[in-house]
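Let's take a walk through this structure, with a stop at a few side chains, a patch and a pocket along the way. Have the model open and ready to rotate.

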Amino acid sequence: MRRLMRDTPAFRLRGRARPLRLSVLATLLQSALVSAQQAADAPLLLQTSPLLQEQIAPGVRGSLPSFVSGQHITGRPDLETVVEGEAMLRRGDMVIKADQLEYDQPTDLAKARGHVLINRAGNVYEGPLLELRVDAFEGFFNEPSYHFLSNQAHGQADRVDFLDEQRAVIHNATFTTCRRLPGPSWMPDWILKASTITLDNDEDVGTATGALLSFKGMPLLPVPYISFPLSEQRKSGMLPPTIGLDNVNGSEVSVPYYWNIAPNRDATITPTLMSKRGVNIGTEFRYLEPSYKGEVQLDWMPSDQLRDANRWGLNLNHQAHIDSAWTNNGAALNLSLNRVSDDNYWRDFSLANNSLTQRLLANDATLSWSQGAWSNSVRTLKWQTLQDVTAPIIPPYDRLPQLSTSYASHQVTGFNYAFNADYTRFQSDATRTGQANGQRSFALLQASYPMTAPAGFLTPKVQLHASQYQFETPLSNGETSASRVLPTFSLDSGLVFERDTQLFGRNLRQTLEPRAFYVYTPYRDQSLLPNYDSGANDFNLATIYTENAYVGNDRISDSNLLTLGVTTRFLDPATGAETARLGVAQRLRFSDQNVTLPGELPADGRVSDLLLGGSINWDPRWSVDSTIQFNPSTDQSVRATLGARYNPGPYRTLTAAYRYQRDSSEQVDFGWQWPLNDLWGDKGQSLTAGQGQGQGRWYSVGRMNYSMNERKLVNALLGFEYDADCWLGRIVLERLQTSNQTATQRIMFQLEFVGFTRLGVNPIKSLKDNIPGYQMLREPGSQPSRFSNYD
């Protein structure tokens, strides 16, 4: 419907209906034959053609010719023209067909009778009588049926009034996107009946007054006024109401209003009535400019009946590019604000905040730029920590500010050089952290000399760490400052062997890659230094080949280690794709570890736990990966993960994971999206992407996380989707754990009338966030071509 009523110039006949003489036709035919003979001698070249334009510019439309055909043409020059019998007028992207067509040139009025059809850029009207001022596209169509290209909607009406090339009013109209089936008794699954439907193709919006939405023959929703999109373009207006049920907030009813402020700005205002709490006003504002973009979300509840207080939550994300001649490509500004009114907000509104950790809300502003080989940044980070008296947490440190710079230079006479420096002022609640606030300056200088060859590599590296602290309160030894200087030497080496082999009848290339990594860092006593940002590295097949056992800059581990490992890969020789990988690695410790984090026990074994890992991608449809941390002293696994994925086709995905950590946790996780029709042999159709797999199909969706230690379900999502072609149904149950004893539960039910509107609570975001590989049954597609419905 986007191009339903474009600008159409005045109807005119070429030559003003003068009779064509046989001599003129013979001359034209002879000229065409000569041109064809000349063209046959020249090579054929492909050229672009302006004849099949998707959209016709208004300036071009006025110069387009008109073509008229029929069994009998009569008339008077400059007055009237009458075409009878299979009459047709074609001009640009519009064609009018009828049994009889009359055109009055002085008034620019065309009258068509008997089996009248208008096809305008793929939008079709059919009926018995049409009167139309062609140039202005003003007139009426009696008793038409219509079919719109953009959303495949269709219906019938008593009358259509064309106001101009962009606007029309349809009286006593019906509207549905359900495909018309043969037979007089056919009724669509859903239909909108309205006293008037107004179409505005300039704004890509339709409005209906005195409307009634019926579903399966039952009146579903009387609507005094409703607006709906005519395409994928945004529009201002009331959105469909949503109704939900939550065990914390009670029954919820939301009536959103969408405001299309400008092509690069919009806002959504959502008043929500919660039966247990009151009214919440949610506002989302988005903006997009050439040099910056962002969005702001604000929720405000003036009086929460459960807490007897005003509640609010704020989330802001802003990214900007700042042009500067002093930098390589300008500077980047990233701003993220997350604030709420009180400590209980995360518990009461667990689904309102996008933060991954709902009790730790980051307020972060970073300005970064690069110049030559230097990269620089200025950052401020302040946390809002939401405390729970039953489960308090130690707040992280604010960085007010943090200044960082780094330099990297590669292959300077064979050497690689790097330099990193950082100054940070750390602030937090000392009564909770038990540490002094302070300032830290840190620098790292490193040089390496990589030697590479097709069969292997050898990389010696030297590092020098230097740190200076200044504290606001004295340490336990009475000092208000401290410093630390530490060197590190490492030597990384590896070999690569290859051979061609066969496995299960498949030609493969197998590699054998032994690797040895040695690191030495002398011991410096760091037990009195506070820990602002250091944490233990995750022990896996990647971090086992690193110099420092910790991330952050407050702890530099003393090391005298040799790591030995070997990896074998099976590769497809034609594509290089990895079909399987197996690896094993272990550390040999030549001296006891002395540097630890607060509360951490030092590693004193001469042999570390054994790490084993592998993955199989034998077939694109499925994959398996696993890692095991095994303690050879106790002959027990310390930690293990096992994951599998099966994806044989669209809308078919299964994922499973098992995670185990001794004396801590043991969990299993399942996620899926699968057509239930497969159970009775209906395998579906191969439709285009984002169109489901055919009408009348059920899909099961869900994800479940179960704690085997606690013997209970932690988080769960379970639902069903039904695809009826012109409408979709979804029902989803969600459970989100908020503490050891409490959880938020809600039910989401939605009816989506394809190409029109949605009713209910939308579960799509929850499905996308929780189910790996989830695909929507309907994805927004490109605008259909007018030539796909061409007469």
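Does E578 count as buried or partly exposed, and at what relative accessibility? Keep in mind that this is a predicted model. At 27% relative accessibility, E578 counts as partly exposed, because the buried class stops under 20% and the exposed class starts over 50%.

What does E578 do with its side chain? One partner is R569, which it meets in a salt bridge at 3.1 Å, N to O. Another is R581, in a salt bridge of 3.4 Å, again N to O. Look at the surroundings of these two arginines: R569 is partly exposed, with a relative accessible area of 26%, and R581 counts as partly exposed too, at 25%.

Side chains of opposite charge can pair when their charged atoms come close. A search of the whole structure turns up 44 salt bridges. Another one to find is the contact between R379 and D364, whose side chains meet at 2.9 Å, N to O. R379 sits in strand β25 (residues 374–385) and D364 in strand β24 (residues 360–371), so this pair ties together parts that are 15 residues apart in sequence. Check the burial of each partner as well: R379 is partly exposed, with a relative accessible area of 25%, while D364 is buried at 17%, because that value falls under the 20% cut-off.

Salt bridges can also join up into something bigger than a pair. For that, go to R277, D304, R307, R311, D342 and D348, which are linked in a network of salt bridges.

Now for a surface without that charge. M238, I243, V253, V255, Y257, W259, I261, I269, L273 and V279 form a nonpolar patch on the surface, and together they have about 840 Å² of accessible area. The elements that give two or more residues to the patch are β18 (257–262) and β19 (265–274). The largest share, three residues, comes from β18. Pick out I261, whose place is in strand β18. I261 is partly exposed, with a relative accessible area of 33%, so it clears the bar of over 30% that patch residues need.

Next, turn to the empty space. Rolling a probe the size of a water molecule over the atoms shows where such space is left. The second largest pocket has a volume of about 970 Å³. It is lined by 34 residues, and the closest to its centre are Q593, E600, A603, D609 and Q629. Which elements give two or more residues to this lining? They are β36 (559–571), β37 (578–589), β39 (622–631) and β40 (636–649). By chemistry, the lining divides into 11 nonpolar, 13 polar and 10 charged residues.

One last stop is T174, found in strand β11 (residues 167–175). At 19% relative accessibility, T174 counts as buried, because the limit for that class is under 20%. From T174, trace back to A153: the two are 21 residues apart in sequence and 9.9 Å apart in space, C-alpha to C-alpha.

Key
Residues are numbered from 1 along each chain as its sequence is written. This is a predicted model: local features need pLDDT of at least 70, side-chain atom pairs count only at pLDDT 80 or more; totals for chains, interfaces and linings use all residues. Side-chain values use heavy atoms; hydrogens and water are left out. On a 1 Å grid over the protein atoms alone, a cavity is a set of points where a 1.4 Å probe fits but cannot get out, and a pocket is an open set with protein on both sides within 12 Å along at least five of seven lines; lining residues have an atom within 4 Å of a point. Grid points are joined across faces, edges and corners, and a volume is the space filled by probe spheres set on the points. Helices (H or I, at least four residues) and strands (E, at least two) are DSSP runs, numbered from the N terminus. Ala, Val, Leu, Ile, Met, Phe, Trp, Tyr, Cys and Pro count as nonpolar, Asp, Glu, Lys and Arg as charged, and the others, Gly among them, as polar. Patches are made of residues with over 30% relative accessible area and no salt bridge: like charges are joined within 9 Å, nonpolar side chains (Val, Leu, Ile, Met, Phe, Trp, Tyr) within 5 Å. Accessible areas come from the Shrake-Rupley method with a 1.4 Å probe; for residues, only the protein chains shown count as cover. A salt bridge is a side-chain nitrogen of Lys or Arg within 4 Å of a carboxyl oxygen of Asp or Glu. Buried means under 20% relative accessible area, exposed over 50%, partly exposed in between (1.4 Å probe, protein chains only).
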